[in-house]
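Reader: Please take a close look at one part of this model, the helical stretch toward the end of the chain. I would like to see how the helices there are placed and what surrounds them.

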Amino acid sequence: DVPKVPDSRGDGDGPRRGSLCDRHCAAINNVQGDLGDLGCHLHRPRCHPTAVSTPSCCQQHSEEVCESCVVKTTLTAENAVEANKLSNNYKFGFKKWKSHVTERPWEDRSEIVKELYSDLNVIRGCGGSTLTCGNVLYLLLFGWWLSLLYVLVAAMMFVTVIGAPYGRLCWDLAGYFLWPFGKVIQKVEVPKSHQAREAGAGESSALLGGPTPRRWRPRCWAGAGHWRRASTAAWLCLGYPVLALAHGLVCVAAWLLIVLIPVAKLSARAASRVLLLPPERVLIRRLRMTEVPLEGEVILCCYRAANPYYYKYAVDGINVFAVNLLPLVLVTLVLGYADSPNHLTGSAVKFTLALLSIMPLSYYIGMAIASISAQSNFAVGAVVNATFGSITELTFYITALIKGSREGNRCYAEVVKSALTGTLVGCVLFVPGLCMVIGGIRHQEQRFNSRSAGVSSALLFLSVGGVFAPTLFSKVYGKLVCGECHNVTQNPLGHYLCHNCHFDLMDNNGTLYYSHVQPLVYTVSILLPAAYLIGLFFTLKTHTHIYDIHISDCHMPGHHHSAVVHWSRWRALVILLLSTLCMSACADLATEHISPILTNSTISQYFIGVTVLAMVPELPEIVNGIQFALQNNLSLSIEIGNCIAVQVCMLQIPILVLFTIFYPTNFTLVFSDLHVYASMFSVVLMNYIFMDGKCDYFQGTVLVMVYFILLAVYFFAPSPSGC
């Protein structure tokens, strides 16, 4: 039940001038907002506000051909910053970001999300049996040995005699941590007067319905003198360090498993609070026997050890997966540069670690770009997206080309070409196909804006044709040279079987290449970025109605309109620069240790380039696309893949060509036949699937299967020449 948001577009919005009816109607078909995250609603007026008084906006232009009036969608956001981020998602050339860049109001969150961030100190009603798979997993992984350790520490404290109170506490905690579910730990408050405590020592408690527990009747209550006791000194020297270390290990292990984060909270609270309390002030009871006394503070109360929804958990706006992978970046940098002779680990391990470290760094770069763009004007956002939008891929490509140039190894240039083709094919086939499959499981049929997808498709056709134009030119005018040829029929005029054949462009001292191919490459490298700028001007300035989605703030009761951003602009800028620096270091380590893999691996270098090197940096984008598809917003899922593919052809490749002018490398804009056929076939198939503006999981399965077929072709393909 959401109150209607008034259509703000009618205030001073005159009718658009144009010859087509759709200039007066919105141009977005069935785009649905992220209702689950925004907590807002969609407003879909049938016609443009300026034509509300007429029976139909199309009747005003009966002389024009108008098939139907498409609807315009209004998305609502919690604040202006989130509205700006949503608007940037629908702008061509801007990074699409699913996560929030501001703190969401607590009252707008679902009960599931509230439970993720709640402390383990709330007593709820009977929630059923505590015998669950997650609780049993806790018992097998942590409970038994943690309980045994408490028993051993209890025995040690009893041996010291002065630590007997802590021995009794450890004995009780041993039973608690063996199975903490359905139990509660309370901190007993100090009574107002010692006389009242003495008078009520032998009486029964009306609140608890029984005699007052012994723990509630200590001889001396802990105060400022607790830390001056001899028993406390023995506990801090002998018992507490061992248990704190054990709880620290449990906390780290449970946090890394993500679904067991409640266990991490349990261990952290036990080490920081329970074990530092005086033993006489700790009360442990089963939950079914407990009614919270007025003076008793609940410290721990846990029901479930595992929660599958913790994949949504975020720390200061950062997803828990990115938080857990951040130490991997530090380990990779320290191990890579401190152990350069490979005494501790080999090149394969360092290459794997460097490649895995790229994933969290890509996430931090993406969130920093989205945060800066959402808090800045259009010009700043466009500059940041154009500058750092492809920094992840370009960093790796440039470091690989530099290493190949220094070693005189052409294999690095071929690997870069394979990675470029793999990114293009993966973003055209795999990313939208996977989003269609996963989104189609929840939604029977999904619709998207075919006109906006058509703009990206046209740019893809243009970019693919421009990128592979020098390759087609070399096939027509180049000289075919083969490395090894064998006579099959033993007849000089018979058939020959040749291997490692390629078109030589350096015949006659490179006349063909330097006089014809290279000028064509430079021309294409100038025209492609120019076409990209024209596409930006077309979609963001002259034909904005193609992406005409109005985004307004929510005016719902209880909403906080003051935006509390996770990262300020300066903080996001610092994180962006640091992540870029770490990305450069990880890319340098990856290229440094990829050489043994390329030379000793039995897998084709084509396959390594189009899979690992191409798709690993795009994993955060794939996750964003899947989340959009689950919210029935397939338009953004498709745009994620299309924008990356367009940027590969129109920005990344021209930048690499420009780089070779100032730093000569072995990179030439001439691809193998396999790259050409795979890319062109992928673009044609993608345009055929997206023609009608609707799809289902079957069409997504077709795209994914074609992608895996192409991967099989690359897997069995021979290594490129020069490797």
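Author: What follows sets out the whole protein briefly, then goes through several helices and one loop residue.

The model is predicted. The protein has 23 helices and 16 strands, and 52% of its 723 residues are buried. Of the contacts between residues at least 6 apart in sequence, 81% join residues at least 24 apart.

Helix H17 covers residues 569-592. Its 24 residues, at 1.5 Å a residue, should span 34 Å, and the end C-alpha atoms are 34 Å apart, so expectation and model agree. Buried residues in H17 are Ala 572, Ile 575, Leu 576, Ser 579, Thr 580, Met 583, Ala 585, Cys 586, Ala 587, Leu 589, Ala 590 and Thr 591. What covers these buried residues includes five helices that come earlier in the numbering: H9 (320-338), H10 (347-374), H11 (378-388), H12 (391-407) and H13 (411-442). The cover also includes helix H18 (595-600).

Next come helix H20 (residues 619-630) and helix H21 (residues 634-662), which pack with their axes 7 Å apart at an angle of about 160 degrees. An angle over 145 degrees counts as roughly antiparallel, and H20 and H21 are therefore roughly antiparallel to each other. The crossing of H20 past H21 is left-handed. On the H20 side, the residues in contact are Glu 621, Asn 624, Gly 625, Phe 628 and Ala 629. They meet Leu 634, Leu 636, Ser 637, Ile 640 and Ile 644 of H21. Sorted by class, this contact has six nonpolar residues, three polar and one charged.

Ile 638 has a partner in space from far back in the sequence: Phe 448 is 190 residues away along the chain, yet the two C-alpha atoms are 8.6 Å apart. Phe 448 sits in the loop that joins strand S10 (446-447) to helix H14 (450-467). Its relative accessibility is 1%, and because buried means under 20%, Phe 448 counts as buried.

Helix H22 (residues 673-689) can be checked for length in the way used for H17. Its 17 residues should span 24 Å at 1.5 Å a residue, and the end C-alpha atoms are 24 Å apart, so the two values agree. In H22 the buried residues are His 675, Val 676, Ala 678, Ser 679, Ser 682, Val 683, Leu 685, Met 686, Asn 687 and Ile 689.

Definitions and conventions: Residues are numbered from 1 along each chain as its sequence is written. This is a predicted model: local features need pLDDT of at least 70, side-chain atom pairs count only at pLDDT 80 or more; totals for chains, interfaces and linings use all residues. Side-chain values use heavy atoms; hydrogens and water are left out. Helices (H or I, at least four residues) and strands (E, at least two) are DSSP runs, numbered from the N terminus. The expected span of a helix is 1.5 Å times one less than its number of residues. Buried means under 20% relative accessible area, exposed over 50%, partly exposed in between (1.4 Å probe, protein chains only). Contact means heavy atoms within 4.5 Å. Axes are lines fitted to C-alpha atoms, for helices over the stretch in contact, and angles run from 0 to 180 degrees between N-to-C directions. Angles under 35 degrees count as roughly parallel, over 145 as roughly antiparallel, 65 to 115 as roughly perpendicular and the rest as oblique. A crossing is left-handed if the near helix is turned anticlockwise from the far one by less than a right angle, and right-handed if clockwise. Ala, Val, Leu, Ile, Met, Phe, Trp, Tyr, Cys and Pro count as nonpolar, Asp, Glu, Lys and Arg as charged, and the others, Gly among them, as polar.
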